[in-house]
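Good morning, and thank you for coming. Please look at the structure now on the screen, and I shall guide you through its parts.

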Amino acid sequence: MPPLTWGLAFKFWVLWVLGAVMTLAWGHAVIVKSSPADQEVLARAPEAIMLRFNVKIEKAFAQASLWGAKDRPRRLSIPESNFAPEADPARLYIPLPSLAPGPYQVRYKILATDGHTTEGVIRFVISEPQ
């Protein structure tokens, strides 16, 4: 094969690989906003956590758990309000139990409407009262 053809074949291969990687990357839901934000230090305990994704998610398959430094992990319930017709299809609202000062993690696993699952964690700290 002449050198010009090899160079052209290599360029097509690179474009194909980039296209495949970009397609895979677009298929996953990504958090675009959360409250509390990841790594946020809070003066008081939040009543809930809100997760907003870049795509619609299948809320029926969403899972979340709360991890504290001193407590065993607790599974968090996904309330029915998330499934209301007027609810944002890319947003998940999860009430939290009463929390004492300390570090916490909310770990989640969701399924995007395109069939890709995403797992992640939001870390926050509730500071001691001053």
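A nonpolar core is a set of buried Ala, Val, Leu, Ile, Met, Phe, Trp, Tyr and Cys residues joined through side-chain atoms within 4.5 Å. Please keep that term in mind, as I shall return to it. I should also state that this is a predicted model.

Let me begin with the chain as a whole. One helix and eight strands make up its list of elements, and along the sequence they follow the pattern α-β-β-β-β-β-β-β-β. The chain has 130 residues, of which 30% count as buried. Its accessible surface comes to about 8,800 Å², and carbon and sulfur atoms account for 61% of that area. As for contacts with a separation of 6 or more, 62% are between residues 24 or more positions apart.

We now turn to the strands. Five of them form an open sheet in the order β2-β8-β7-β4-β5, and the pairing is mixed. At the edges are β2, residues 40-42, and β5, residues 74-76, each of which pairs on one side only. From one strand to the next, the twist averages 30 degrees. Within this order, consider β4, residues 63-68, and β7, residues 102-111: the two run antiparallel and are joined by six bridges. Here Ala64 stands opposite Tyr108 in β7.

Another pair deserves attention. In what sense do β3 and β6 pair? Strand β3, residues 48-53, pairs with β6 in the antiparallel sense, over five bridges. In this pair, Ile49 is placed opposite Ile94 of β6.

Which side chains of β6, residues 91-95, are buried? The side chains alternate along the strand: Leu92 and Ile94 point to one face and are buried, whereas Arg91, Tyr93 and Pro95 point to the other face and are not.

This brings us back to the core. The largest nonpolar core has 23 residues, and Leu92 and Ile94 are among those with the most contacts inside it, together with Leu51, Leu96, Val106, Ile110 and Phe124. At least two core residues come from each of β3, β4, β6, β7 and β8, the last of these being residues 117-126. Strand β7 supplies the largest share, four residues.

Finally, let us take Leu51 as an example. Leaving aside residues up to four places away in sequence, Leu51 touches Ile31, Lys33, Ser34, Ala90, Arg91, Leu92, Ile94, Tyr108 and Ile122. Two of these names, Leu92 and Ile94, are the buried residues of β6. Thank you for your attention.

Definitions and conventions:
Residues numbered from 1 in each chain as written. Predicted model: local features only at pLDDT ≥ 70, side-chain atom pairs only at ≥ 80, totals over all residues. Heavy atoms only, no water. Buried < 20%, exposed > 50% of the residue type's maximum accessible area, 1.4 Å probe, protein only. Pairing = 2+ DSSP bridges. Contact = heavy atoms within 4.5 Å. Areas by Shrake-Rupley, 256 points an atom, 1.4 Å probe, with all protein chains shown as cover. Axes fitted to C-alpha atoms, helices over the stretch in contact; angles between N-to-C directions.
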